[in-house]
Amino acid sequence: MVVLVDFGSQTAHLIARRLRDMGVVVEIVPPEKAMTNTPKGIIFSGGPASVYSPGAPTVDKKIFDMGIPILAICYGMQLTAHLLHGDVKPGKIKEFGPATFLINGKTRLFDSLSPRSRVWMSHGDSVVAPPPGFSFVAQTESIRAAAMTNEVKKIYCVQFHPEVEHTEHGNIILKNFLAICGIKTQTKHIDTKEMIQNIKKTVRNSYAIAAVSGGLDSTVAATLVEKAIGKRLIHIHIESGLMREGTTKKVMTFFTNAVILHKEKEFLAALKGITDPEHKRKIIGKLYVDFFEEEVKRFKKVKFLVQGTIYSDVIESKGTKHAATIKSHHNVGGLPEKMKLQLIEPLRYLYTDQVRLLAKDLKIPESFIKEQPHPGPGFAIRIIGEVTKERLEKVRAADNIVVEEMKKSLLYETLLHSFAVATGIRSTAVRGDGRGYGEVIAIRAVVSRDRMTATWAELPYDLLQKMASRIVNEVPNVSRVVYDITTKPPGTIEWE
Ligand code: XMP
């Protein structure tokens, strides 16, 4: 077993998932409980704190003398350096996103790695002097201490994140660490039958209601529950007016008995004058649940609400004690505290790529699986500032063009997302011989498997030109189109 000490990292669960995929048992513990077990290996996660901030999470120094191999990641590395009398300084150069990684020392942790590769960073502070007994074994263009180790005590520290998909060879590093711990690995798959059995046990003879948005996550969640309890599952789709064109129709063809509630006007009215992204999310989350609860009253026996929440939604909504809230996902942080229904979230600990595999296993049509996901709050978080009917129409029209052109170019299926954002910025245009002053539309297209990290897609120039020209020509009140080339981190995928 491996103990994973969570210092509030966005990716602590992802580290656990990588290890579980290799057949390893992982227990995630808060720093206070880091020493309650005697595992074969200990991993320190990253975290949002600086070792110098008041109340920064820490561990008992004795952990380093237990003789158990330790892999310390990001904040975990800084904490190790700090506790063992190395030197940590706020970085003049902060690194968020890709960095070139160069191995310049010997360590078992990097066995069979090429000396130069790409890693993913997300830190402000860095280690400037290693503690006694440690040496730096890798660097990047900006920092000397990309990794430091104490081979005798088997303490391995990396400033980057081996668990994220965009770190090349991250899995090899994790496997090397497991080998150092004496743990054998094997590939492990999700057990669909077991998931269905667990749902059966939870729901028993009760009824459940599923919130189906038309997206893959809620479709998979509802299909799993349907397989477990059959007709005792009632599907409800709320047409919020914030979704892509054709969404409701899609739901009706897949779940033919779904109850459709038309609430477009109510959502627009509730969002009137609201510009703060978190406020928007809370309003949308609450409206969804209110409408459900109202509808549920018609079905007396319903006790459970099925949602397609996946892990990236949970962690960004402050899923663990020391984690920061990045954004409240509509189906997590947006939920009112006293909800009367009990939640069933079969996908809560899974990532997008796992949900896609599960969907294949459940024989959900390819067209559903290949469709890019759309967030629950929909276009409301792709309209910066107030959501109005006019701006909704504008962003939807621009989005249609992006999707259409992406599909024509056959690149659509290779990306997690490609969409349009109404930025709220206005700029000058010249049309014919006249002056225009309209909104700037941004295009965001990203490559990511699990949504935790993302790179912007290197789209062909002619495709970018085609989309830009069509948007400024076909969508009223748009003056300009820009392409967003920010990685995640630091930029999230959605603008709000
Ligand atoms: P960010 O913007 O946080 O997005 O990098 C990560 C992934 O989550 C989606 N997303 C949401 N999905 N409800 C959802 O169902 C939400 O409130 C929400 N916010 C973001 C986003 O589209 C991306 O795939």
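The following legends describe close-up views of a predicted model.

**View 1. Residues annotated as "active site" in the predicted model.** The UniProt annotation "active site", from an unreviewed entry, covers C74, H161 and E163. These residues are spread over 90 residues of sequence, yet they cluster in space, with a largest C-alpha distance of 11.3 Å. C74 is placed in the loop between β4 (70-73) and α2 (75-83). With a relative accessibility of 4%, C74 is buried, because buried means under 20% relative accessible area. Apart from neighbours within four places in sequence, the contacts of C74 are G46, S122, H123, V158, Q159, F160 and H161. H161, itself covered by the annotation, is thus among the contacts of C74.

**View 2. Surroundings of E163.** E163 belongs to the loop between β9 (155-158) and α3 (170-181). Its relative accessible area is 1%, and E163 is therefore buried. When neighbours up to four places away in sequence are set aside, E163 is in contact with T11, L14, I15, R18, I73 and L174.

**View 3. S213 in the annotated "binding site".** An unreviewed UniProt entry lists S213, G214, G215, L216, D217, S218 and T219 under "binding site". S213 occurs in the loop between β10 (207-211) and α5 (216-229). The relative accessible area of S213 is 33%, so this residue is partly exposed. A polar atom of the S213 side chain lies 3.1 Å from the backbone nitrogen of G215. Beyond four places in sequence, S213 touches S218, H237, T247 and V251. One of these contacts, S218, is also listed for the "binding site".

**View 4. T219 in helix α5.** T219, another residue listed for the "binding site", is located in helix α5. This residue is buried, as its relative accessible area of 1% indicates. The T219 side chain reaches the backbone oxygen of G215 at 2.6 Å. G215 thus has a backbone atom at 3.1 Å from the S213 side chain and another at 2.6 Å from the T219 side chain. Neighbours up to four places away aside, T219 touches G214, F254, F255, I364 and F368.

**View 5. Packing of helices α12 and α13.** The axes of α12 (residues 389-408) and α13 (residues 461-474) come within 10 Å and cross at roughly 150 degrees. The two helices are therefore roughly antiparallel. Their crossing is right-handed. On the α12 side, the contact is made by A398, I401, V402, E404, E405, M406 and K408. On the α13 side, L463, K466, M467, R470, I471 and E474 take part.

**View 6. E439 and its polar contact with K394.** E439 is situated in strand β16 (residues 434-447). At 5% relative accessibility, E439 is buried. The side chains of E439 and K394 are joined by a polar contact of 2.8 Å. Contacts of E439, with neighbours up to four places away excluded, comprise R391, K394, A422, T423, G424, I425, R426, N477, V478, S479 and R480.

**View 7. K303 beside S206.** K303 forms part of strand β13 (residues 302-306). A relative accessibility of 46% makes K303 partly exposed. K303 and S206 are 97 residues apart along the chain, and their C-alpha atoms are separated by 6.4 Å. Not counting neighbours within four places in sequence, K303 is in contact with S206, Y207, L341 and Q342.

Technical notes:
Residues are numbered from 1 along each chain as its sequence is written. This is a predicted model: local features need pLDDT of at least 70, side-chain atom pairs count only at pLDDT 80 or more; totals for chains, interfaces and linings use all residues. Side-chain values use heavy atoms; hydrogens and water are left out. UniProt positions are given in the numbering used here, feature names are shortened, and annotations may be inferred rather than shown by experiment. Helices (H or I, at least four residues) and strands (E, at least two) are DSSP runs, numbered from the N terminus. Buried means under 20% relative accessible area, exposed over 50%, partly exposed in between (1.4 Å probe, protein chains only). Contact means heavy atoms within 4.5 Å. A polar contact is a pair of N or O atoms within 3.5 Å; within protein, one must be able to donate a hydrogen and the other to accept it, and residues adjacent in sequence count only if both atoms are side-chain atoms. Axes are lines fitted to C-alpha atoms, for helices over the stretch in contact, and angles run from 0 to 180 degrees between N-to-C directions. Angles under 35 degrees count as roughly parallel, over 145 as roughly antiparallel, 65 to 115 as roughly perpendicular and the rest as oblique. A crossing is left-handed if the near helix is turned anticlockwise from the far one by less than a right angle, and right-handed if clockwise.
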